Amino acid sequence: MNLKYQFNAVSNLPTTLPLVRCPSFTLPNPLKFNHSLFFPIPTFHLSLTMAPTGEHHLLSTEIVNRGIESSGPDAGSITFSVRVRRRLPDFVQSVNLKYVKLGYHYLINHAIYLATVPVLVLVFSAEIGNLSREELWRKLWDSTAGYDLATVLAFFAVFVFTLSVYFMSRPRSIYLIDFACFKPTDDLKVTKEEFIELARRSGKFDEDSLEFQKKMLQSSGIGDETYVPKAIMSPENISTMKEGRAEASMVIFGALDELFKKTRIRPKDVGVLVVNCSIFNPTPSLSAMIINHYKMRGNILSFNLGGMGCSAGIIAVDLARDMLQANPNNVAVVVSTEMVGYNWYPGRDRSMLIPNCYIRMGCSAVLLSNRGRDYRRAKYRLEHIVRTHKGADDRYFRSVYQEEDEQRFKGLRISKDLVEIGGDALKTNITTLGPLVLPLSEQILFFATLVKRYLSGSKGIATTTNGLQTVAPSSSSGTKPYIPDYKLAFEHFCVHAASKTVVNELQRNLGLSDANVEPSRATLHRFGNTSSSSIWYELAYLEAKGLVKRGDRIWQLSFGSGFKCNSAVWKSVRRIKKPTSNNPWLDCLERYPFEARS
């Protein structure tokens with residue numbers, strides 16, 4: 001028996017979260033059964049009309065809340081709910097050659113060295129290989145005896161000058177001395193139930209909005225120890241400059257005080273200051289507020305980045321790196337944060353209620369240096385930064401969009417296509433990053449398979465997800481796509497803890513283990529989505545566990561509005577000892593890892 005049922009999902013909801021309720025249907029009399037016996041289960045197919053043609057493979061479905069209708073005209077009939085999620089696209093199977101070219105561009109720039117050095121070594125080896133030591137010295141003496149002293153000195157002067165120019169023009173190494181993550185006080189800690197109660201007490205939400213936020217929290221991966229400002233329970237408008245500055249002062253000065261204490265750096269010694277906060281951008285700026293509070297020097301290079309979303313932390317590091325390259329013998333401080341209270345949305349639009357449920361208080365402060373003498377006390381050296389921006393496409397540009405709703409309440413609207421958009425940006429970013437970090441063996445296998453699939457073309461084949469038929473891309477020639485093993489390039493992964501769904505999908509697409517994404521899941525559960533600072537809470541988790549050893553490579557991956565996806569690669573220059581203080585994980589470390597994937 002096959003029952004075909006068609007339904008529509010609500011279009012204004014993000015497809016990672018909707019729960020579609022299917023009307024109950026009654027089984028024919030011949031299929032009546034006794035609950036104590038085994039019974040046949042009817043099969044069925046669902047036709048998803050909510051997605052455009054060709055996008056069904058981006059959706060996954062799951063049947064939940066099975067039951068029996070207890071009353072009404074349909075009493076005794078089977079009822080169930082279908083959860084529809086938009087999955088990250090299997091981007092490794094659809095990598096475009098133009099994105100591969102971006103990564104190989106870096107290698108091509110240095111191809112002359114890779115091509116000529118081996119040839120010169122072979123020629124030199126062949127030339128002297130048949131000569132004895134006495135013959136070699138005699139040949140060297142005979143070839144140089146004809147030059148006078150002035151010619152020899154001129155040659156060495158040119159040689160020394162060339163070496164000096166080469167070493168002086170090389171990019172300076174950028175070291176991460178240390179970093180700090182702000183941990184709010186316990187009076188700001190809330191459970192999920194307390195969060196809903198605070199929202200109800202504020203009087204700003206109707207029951208439908210409260211119920212929606214409750215369901216969101218239950219499936220978010222967020223635990224019961226995250227932090228929110230007290231102002232959210234106020235019935236008054238909390239999106240004020242006064243509340244924003246108060247929250248900013250608390251988190252930013254808390255993180256910086258800890259950083260200066262750990263590094264023993266005086267605020268007046270800082271030559272470059274970069275602050276990023278997406279939503280709250282007052283005048284004077286947050287960077288000016290820091291300079292005023294710590295009485296920093298007058299010639300400091302200060303920058304304030306706004307509106308750049310959760311990926312701004314790596315953008316701020318990139319800007320600080322550029323400033324350090326241009327200003328030798330200097331140190332830079334990078335501050336990443338977001339204001340929860342100022343971004344609090346009091347309306348009823350469900351796509352704008354999502355940030356209320358995920359974004360939590362947090363702030364990180366990082367100290368960078370280009371001074372050679374800081375190598376011995378540094379923790380990490382910056383290896384690569386790769387930035388991807390998809391803002392030229394309107395669909396990507398509006399995926400995370402600040403605007404007013406119908407009631408004129410300001411908030412962030414989250415597109416239902418956000419997961420798909422993030423997956424495409426991530427595909428571009430890691431394809432560019434791959435040639436820089438992957439071993440040569442992985443690059444050859446990946447590139448050869450990619451070219452083979454590109455030349456043979458691709459078609460779609462049917463696959464199965466959660467027991468329901470979907471469509472996924474595949475090569476018509478039967479060539480299975482080769483997925484590079486990024487675990488060969490990195491020992492640790494700090495993936496932006498946006499939501500449980502995003503972390504799970506990234507793990508599946510990149511072939512990561514549970515241990516690889518443990519820092520992301522733990523950070524999401526303990527601190528929530530702290531926006532651009534989340535990748536630093538994850539690195540703090542790795543240090544607290546004592547997992548970072550000398551030579552380990554760490555991949556920080558973040559994505560945010562615009563739409564942007566950014567990667568930073570760090571290499572540990574020494575073994576990081578387990579901290580005994582000034583780490584946000586010390587009071588709860590024994591509770592992690594935990595099973596939080598389901």
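**Exercise 1. Follow the sheet from one edge inwards.**

Task: In which sense do strand 18 and strand 19 pair, and over how many bridges?

Solution: Strand 18 and strand 19 run parallel to each other and are paired over four bridges; here helices (H or I, at least four residues) and strands (E, at least two) are DSSP runs numbered from the N terminus, and two strands pair if DSSP finds at least two bridges between them. The model is a predicted one, in which local features need pLDDT of at least 70 and side-chain atom pairs count only at pLDDT 80 or more, whereas totals for chains, interfaces and linings use all residues. Residues are numbered from 1 along each chain as its sequence is written, and side-chain values use heavy atoms, with hydrogens and water left out.

Step 1. Within this pair, Cys494 stands opposite Gln556 of strand 19.

Step 2. Strand 19 also pairs with strand 20, this time in the antiparallel sense and over eight bridges, and there Trp555 faces Val569 of strand 20.

Step 3. Strand 20 (residues 564–572) pairs in turn with strand 13 (residues 380–389), antiparallel and over nine bridges, with Lys564 as the bridge partner of His389.

Step 4. These strands belong to an open sheet of nine strands with mixed pairing, in the order 10-9-11-12-6-13-20-19-18. Strand 10 and strand 18 (492–495) are its edge strands, each pairing on one side only, and the twist from one strand to the next averages 20 degrees.

**Exercise 2. Explain the surroundings of strand 19 and its hairpin.**

Task: Why can strand 19 be called largely enclosed by the rest of the structure?

Solution: Step 1. Strand 19 (residues 553–560) has eight residues, and because seven of them are buried, the strand is largely enclosed by the rest of the structure; buried means under 20% relative accessible area, exposed over 50%, and partly exposed in between (1.4 Å probe, protein chains only).

Step 2. The hairpin of strand 19 and strand 20 has three residues between the strands, and in it Gly562 takes a positive phi near 135 degrees.

Step 3. Gly562 is joined to Phe563 by a cis peptide bond with omega about 10 degrees, and Phe563 is placed in the loop between strand 19 and strand 20.

**Exercise 3. Place helix 8 and the loops on either side of it.**

Task: Which strands does helix 8 lie across?

Solution: Step 1. Helix 8 lies across strand 9 (272–277), strand 10 and strand 11 (331–337), and runs at about 130 degrees to strand 9; the axes are lines fitted to C-alpha atoms, for helices over the stretch in contact, and angles run from 0 to 180 degrees between N-to-C directions.

Step 2. The loop between strand 9 and helix 8 holds Pro284, which is joined to Thr283 by a cis peptide bond with omega about -5 degrees.

Step 3. The loop between helix 8 (286–294) and strand 10 (301–305) holds Ile300, which counts as buried because its relative accessibility is 11%. Leaving out residues up to four places away in sequence, Ile300 touches Val270, Gly271, Val272, Leu273 and Ile291, where contact means heavy atoms within 4.5 Å.

**Exercise 4. Describe the nonpolar cores.**

Task: Which residues touch the most other members of the largest nonpolar core?

Solution: Step 1. They are Ile252, Leu256, Ile290, Val335, Leu368, Trp536 and Trp585, in a core of 109 residues; a nonpolar core is a set of buried Ala, Val, Leu, Ile, Met, Phe, Trp, Tyr and Cys residues joined through side-chain atoms within 4.5 Å.

Step 2. Another core, of 27 residues, lies apart from it and includes Tyr396, Leu426, Ala489 and Ala498.

Step 3. In soluble globular proteins, nonpolar side chains tend to be buried together.

**Exercise 5. Compare the settings of three residues.**

Task: Is Thr226 buried or exposed?

Solution: Step 1. Thr226, in strand 8 (residues 226–227), counts as buried because its relative accessibility is 1%. Its side chain makes a polar contact of 3.1 Å with that of Arg360; such a contact is a pair of N or O atoms within 3.5 Å, and within protein one must be able to donate a hydrogen and the other to accept it, while residues adjacent in sequence count only if both atoms are side-chain atoms.

Step 2. Ser531, in the loop between helix 15 (518–527) and helix 16 (534–544), has a positive phi of about 65 degrees although it is not a glycine, and Ser531 is buried, with a relative accessible area of 2%.

Step 3. Asn582, in the segment after strand 20, has a positive phi near 55 degrees, and Asn582 counts as partly exposed at 29% relative accessibility.
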